[in-house]
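Dear colleague,

Here is the structure I promised to pass on to you. Please keep it open while you read, since my notes follow directly below it.

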Amino acid sequence: MGKDVIIACDFSSAEATFAFLDKFTEEKPFVKIGMELYYAEGPSIVKEIKKRGHKIFLDLKLHDIPNTVKKSMAVLSKLDVDMTNLHAAGTIDMMKAAVEGLTREDGTRPLLIAVTQLTSTSEERMQNELLINSSINDTIVKYAKNAKEAGLDGVVCSPLEAGMVKDACGSSFMTVTPGVRFADGEVGDQVRVTTPAKAKEIGSDYIVVGRPITAAEDPVAAYRRCVEEFVG
Ligand code: C5P
């Protein structure tokens, strides 16, 4: 499995996204398209970025009844993205249905990863509002195991959780980790952050980096620094 840096393209329009991607004349970074951009521009934004030669992680976090997720994944599969995701809270049945829907006639499919608990959910809220009585770490590990049982490829988690997920699910179970900041950079609204070098040490397979690259004075230099620290 190749380690890579995925740039979170959290822009609200195709215009802003292409203005950003146009800065990269030598490399074709792996990009993440989230709900904001997808809902603003529709499937055409995926096709256009793909046509430019980028790999795409389509971050739409599906969560619905198994039949609906299966049919929706079949639609996303035709967009030829490289990675997509869902909420593990939808149950093992829903995740199995997603794998079925995503798998093309020739047996290939994009990588499919699960969100365990959002990093914005604190243990206190998870217990008091969602009535999950376990610790947040036990919940994350259990949801990761469910995802593995359903045939998924890995989970999205904090780099600080990647080690325990690998311990529970094996080293080939992928961890895709946001919450990455340079040692000398702005933390912003992220709480539990690590550097690209530390994420590599902990065992992340992919880091998802947004503002440290998109808001940098020189985004190409910031991207290269990330790749240098994380991939080496
Ligand atoms: O700008 P920044 O590096 O904080 O962007 C991180 C990206 O990863 C954003 O697109 C954010 O929505 C996403 N993300 C996250 N934490 C999660 C899941 C996704 O920060 N648990």
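Around the ligand, counting a residue when one of its heavy atoms lies within 4 Å of the ligand, stand Ala8, Asp10, Lys32, Thr119, Pro178, Arg181, Gln190, Val208, Val209, Gly210, Arg211 and Pro212. Please bear in mind that this is a predicted model, in which local features need pLDDT of at least 70 and side-chain atom pairs count only at pLDDT 80 or more, while totals for chains, interfaces and linings use all residues. Residues are numbered from 1 along each chain as its sequence is written, and side-chain values use heavy atoms, with hydrogens and water left out.

Some of these residues make polar contacts, meaning pairs of N or O atoms within 3.5 Å. A side-chain N or O atom of Lys32 is 2.9 Å from an oxygen atom of the ligand, and a polar backbone atom of Gly210 is 2.8 Å from an oxygen atom of the ligand. For Thr119, a polar side-chain atom lies 2.7 Å from a nitrogen atom of the ligand. The ligand taken alone exposes 470 Å², of which the protein buries 82% (accessible areas by the Shrake-Rupley method with a 1.4 Å probe).

As for the fold, eight strands (DSSP runs of E, at least two residues, numbered from the N terminus) close into a barrel in the order β1-β2-β3-β4-β5-β6-β7-β8, with parallel pairing, where a pair requires at least two DSSP bridges. Strand β6 (residues 154-156) and strand β7 (residues 174-177), for instance, pair in the parallel sense over three bridges, and Val156 stands opposite Val176 in β7.

Best wishes

Note on methods. Helices (H or I, at least four residues) and strands (E, at least two) are DSSP runs, numbered from the N terminus. A polar contact is a pair of N or O atoms within 3.5 Å; within protein, one must be able to donate a hydrogen and the other to accept it, and residues adjacent in sequence count only if both atoms are side-chain atoms.
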